[in-house]
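Please walk through this model from one helix outward to the cores and the charged pairs.

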Amino acid sequence: SSSPWPVVNFGALTEINEDFVGWIRIPDTTVNYPIVQGQDNKYYLRRLFTREWNNSGCLFLDYRVNRDFSSRHSIIYGHHMQNDTMFSCLTNYSDQAYYDAHPTIYLVTPTENLEISVLSGYVSVTDLDPWQLTFSSDDEFQRWLDTTVSRSRFKSTVTPTVEDRIITLSTCSYEYSDAR
């Protein structure tokens, strides 16, 4: 079978948009997109990779984390589009069979290929802690990891530790108001 890794021309994509930080792919889904990082978390909500205005927006990395995904916790945001594009498929992770079929996410950056093991999938309200980016200690981080795993709607084969880098993919959910 073909390689799950996307082939990315970093030079060409950076020429189009210098905010380009990586490319994400989840095999056998529509997720196969560039990721940008803006000066805030609003600009790319309604702009394409080319910066053209569009309600689909594009996938973007939280502006408060390292652009090389070296932060302890990085968040990538994307819309849940009704036409199943962008991050719509993430809601399928509420199902164990879907996780079993899609346990790995591939992220290519200019400096490394990151094979991401999916460890948790759940719906949350926006004022909870899934979007916490900094932790005062390893103990606090481990408690956050344990909570993240305990909320999952599927059982993952992964047990995270404080040595791990966590990448959250965040999208809207339509289960209830303000759900993510």
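**From helix H3 to the salt bridges**

In this predicted model, the residues Phe141, Trp144, Leu145 and Thr148 of helix H3 are buried. Because they cover an arc of only 100° around the axis, they lie on the same side of H3, whereas Asp139, Arg143 and Ser150, on the other side of the helix, are exposed. The helix itself spans residues 138-150 and reaches 18 Å from its first C-alpha to its last, close to the 18 Å expected at 1.5 Å a residue. Strand E4 (73-77) and strand E7 (166-170) are included in what covers the buried residues of H3.

The largest nonpolar core has 40 residues, and those with the most contacts inside it are Ile24, Ile35, Phe69, Ile76, Tyr93 and Leu169. Strand E1 (residues 20-25) gives the most to this core, contributing four residues. Apart from this core lies another, of seven residues, among them Phe135, Trp144, Leu145 and Ile166.

Turning to charged side chains, the count comes to five salt bridges. One of them joins arginine 51 to glutamate 18, with the closest N and O atoms 3.3 Å apart; this pair links distant parts of the chain, since arginine 51 is in the loop between strand E2 (32-36) and strand E3 (59-61), and glutamate 18 is in the loop between helix H1 (10-16) and E1, 33 residues apart. Arginine 165 forms a salt bridge with glutamate 112, the closest N and O atoms being 3.2 Å apart. Arginine 165 lies in the loop between H3 and E7 and glutamate 112 in the loop between strand E5 (104-108) and strand E6 (113-117), so this pair ties together parts that are 53 residues apart in sequence.

Notes
Residues are numbered from 1 along each chain as its sequence is written. This is a predicted model: local features need pLDDT of at least 70, side-chain atom pairs count only at pLDDT 80 or more; totals for chains, interfaces and linings use all residues. Side-chain values use heavy atoms; hydrogens and water are left out. Helices (H or I, at least four residues) and strands (E, at least two) are DSSP runs, numbered from the N terminus. The expected span of a helix is 1.5 Å times one less than its number of residues. Buried means under 20% relative accessible area, exposed over 50%, partly exposed in between (1.4 Å probe, protein chains only). The arc is that of the directions from the helix axis to the C-beta atoms. Contact means heavy atoms within 4.5 Å. A nonpolar core is a set of buried Ala, Val, Leu, Ile, Met, Phe, Trp, Tyr and Cys residues joined through side-chain atoms within 4.5 Å. A salt bridge is a side-chain nitrogen of Lys or Arg within 4 Å of a carboxyl oxygen of Asp or Glu.
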